[in-house]
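The following paragraphs lead through the architecture of one protein, from its overall composition to selected details. Please keep the sequence and the coordinates in view while reading.

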Amino acid sequence: MPVLDQDTGQLLEHKQLRRHPKHKATWDTSYSNELGRLCQGIGHHPVHKHKKRIGGTDTFKPIQYRDIPNQRKGDVTYTEWSAKSARKKLTLTAAHHPRRRSHPVPRRLPEYARIKLSDIPGDFVQEYSLQDFAHNGYVYFEVSKGVYGLKQAGKLANDLLTQRLEMHGYYQCATTPGLWRHKWRPVLFVLIVDDFGIQYSDRRHAEHLLQALQQHYTVTTDWTGTKFAGIDIKWDYNKRTCRLTMDTYISALLLKYDHPDHALQASKRIQGIVGSLLYYARAVDNKLLVALSTISSQQTAATQNTAAAVHQLLDYVATYPSDGIACRASSMILAAHSDASYLTEPGSRSRAGAHIFLSEGDPVPGITCQSSQSPRSLSASWHLLLKQNLQPYTSLHAN
């Protein structure tokens with residue numbers, strides 16, 4: 001998250017803060033403390049001389065490059081750990097909202113990472129004698145626990161969470177990534193990175209999930225369910241509707257890119273704006289997607305016309321900063337009419353077709369296909385139909 005410089009009004013990233021004459025000392029100390037926390041500590045406690053000023057977690061330690069197994073040297077992650085995010089979050093929403101702080105995930109095999117020696121604060125380099133570990137300008141570390149900034153950390157944490165939740169009867173749906181159910185309890189939740197969005201009919205079932213998480217993580221809850229994955233959710237249970245918005249996202253975006261004062265010319269700047277708006281559009285304002293698609297096809301070779309289009313897009317979102325999507329409960333039912341033929345196509349192939357529609361008459365795109373397989377009977381053709389035609393729509397109904 002960028003930091004606002006009160007003197008210049010600019011938003012400074014972590015590297016810029018560490019190079020800025022005014023902020024360098026503060027952010028170097030902060031970075032050094034964070035690296036010390038991830039290693040074996042740093043500095044001397046002002047009272048207890050036998051203790052470190054900042055305690056360590058033994059998450060990683062410096063290692064000689066020659067000590068990394070040859071078959072693992074291609075897996076080394078380049079990263080810059082900083083104090084910008086010293087904690088992880090587990091969040092339960094939709095009707096709940098838990099968070100967890102940094103929790104080391106034990107690893108069966110160590111991972112390896114490297115940091116530029118020139119990017120490491122001097123006091124940390126001196127305390128750990130990192131000059132002796134330098135190899136071609138980098139210092140290599142052996143990572144023994146889960147840590148942010150490691151590209152494998154997300155998958156490792158998710159695999160461990162999956163293993164722990166399976167012990168309590170929770171499983172991931174086969175056709176919708178990120179959607180979880182319980183074997184028999186009427187509760188389901190969406191997991192996006194570390195945010196949980198939970199749907200339940202009885203609070204005791206939500207409490208069961210909460211207790212399962214609390215066995216392994218520090219969790220706090222917000223039962224209002226008004227925030228999920230950066231999206232603001234406004235519920236109206238009487239009207240059975242909810243509205244999805246991102247109330248502060250656009251104002252922060254306009255501040256970051258200094259709109260409308262900044263002249264848009266650099267391709268990299270345009271790419272950043274398009275990427276930021278693409279996330280916003282997919283989440284709560286899909287009206288922007290057509291314009292973003294057109295601009296994204298031009299952003300690598302941006303012209304003045306491209307910059308003008310981006311500026312106009314920023315003007316639009318500045319005019320409607322709290323636009324969103326309204327959802328309502330519906331009694332519509334997903335239905336299908338299916339048919340199949342046996343050995344009616346050249347090459348002993350069968351044809352399977354399906355008309356998918358909603359109970360109120362709105363059509364859903366259907367599929368008609370020929371199969372290269374050779375079913376032995378009409379019944380086998382029907383089974384082929386169910387597999388090939390209806391599988392894409394299973395997640396709309398079964399999940």
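What percentage of the 399 residues of the protein count as buried? The share is 38%, where buried means under 20% relative accessible area, exposed over 50%, and partly exposed in between, with a 1.4 Å probe and protein chains only. The model is a predicted one, in which local features need pLDDT of at least 70 and side-chain atom pairs count only at pLDDT 80 or more, while totals for chains, interfaces and linings use all residues. Residues are numbered from 1 along each chain as its sequence is written, and side-chain values use heavy atoms, with hydrogens and water left out.

The protein contains eleven helices and 19 strands; these are DSSP runs numbered from the N terminus, helices being H or I of at least four residues and strands E of at least two. Contact denotes heavy atoms within 4.5 Å. Among contacts between residues at least 6 apart in sequence, 58% join residues at least 24 apart.

One sheet may be followed strand by strand. It is an open sheet of four strands in the order β13-β14-β15-β16, with antiparallel pairing. Its edge strands are β13 and β16 (324-328), each of which pairs on one side only. Two strands pair if DSSP finds at least two bridges between them. Strand β13 (residues 227-228) is joined to strand β14 (residues 231-236) by two bridges, and the two run antiparallel. Lys227 has Asp232 of β14 as its bridge partner, and Phe228 has Ile231 of β14. Two residues lie between the strands of this hairpin, where Ala229 takes a positive phi near 55 degrees.

On the next step across the sheet, β14 pairs with strand β15 (residues 241-245) in the antiparallel sense over five bridges. Here Trp235 stands opposite Cys242 of β15. The hairpin of β14 and β15 has four residues between its strands. Within that turn lies Arg240, in the loop between β14 and β15, with a phi near 60 degrees, a positive value in a residue other than glycine. Most residues other than glycine have a negative phi, and most peptide bonds are trans. Because its relative accessibility is 58%, Arg240 counts as exposed. Asp58 offers another case, with a positive phi of about 55 degrees although it is not a glycine. Asp58 belongs to the loop between α2 and β3 (60-63), and its relative accessible area of 43% is the reason that it counts as partly exposed.

Helices also take part in the packing. Helix α7 (residues 267-284) lies across β14, β15 and β16 and runs at about 20 degrees to β16. Axes are lines fitted to C-alpha atoms, for helices over the stretch in contact, and angles run from 0 to 180 degrees between N-to-C directions.

How do two helices pack against each other? Two packed helices are described by the angle between their axes and the distance between the axes. For helix α8 (residues 289-296) and helix α9 (residues 304-319), the angle is about 155 degrees and the axes are 10 Å apart. The pair is therefore roughly antiparallel, since angles over 145 degrees count as roughly antiparallel, under 35 as roughly parallel, 65 to 115 as roughly perpendicular and the rest as oblique. The crossing of α8 and α9 is left-handed, meaning that the near helix is turned anticlockwise from the far one by less than a right angle, whereas clockwise would be right-handed. From α8, Ala291, Leu292 and Ile295 meet Thr306, Ala309, Val310 and Leu313 of α9. The residues of this contact divide into six nonpolar, one polar and no charged. In this division, Ala, Val, Leu, Ile, Met, Phe, Trp, Tyr, Cys and Pro count as nonpolar, Asp, Glu, Lys and Arg as charged, and the others, Gly among them, as polar.

Two buried residues complete the tour. Phe189 is placed in strand β11 (residues 187-192) and counts as buried because its relative accessibility is 0%. Leaving aside residues up to four places away in sequence, Phe189 touches nine-membered surroundings that include Leu165, Tyr170, Trp180, Phe196 and Leu209. The C-alpha atoms of Phe189 and Tyr170, 19 residues apart along the chain, are separated by 9.8 Å. Ser32, in helix α2 (residues 24-38), is likewise buried, with a relative accessible area of 0%. Beyond residues up to four places away in sequence, Ser32 touches Ile42, Pro121, Asp123 and Phe124.
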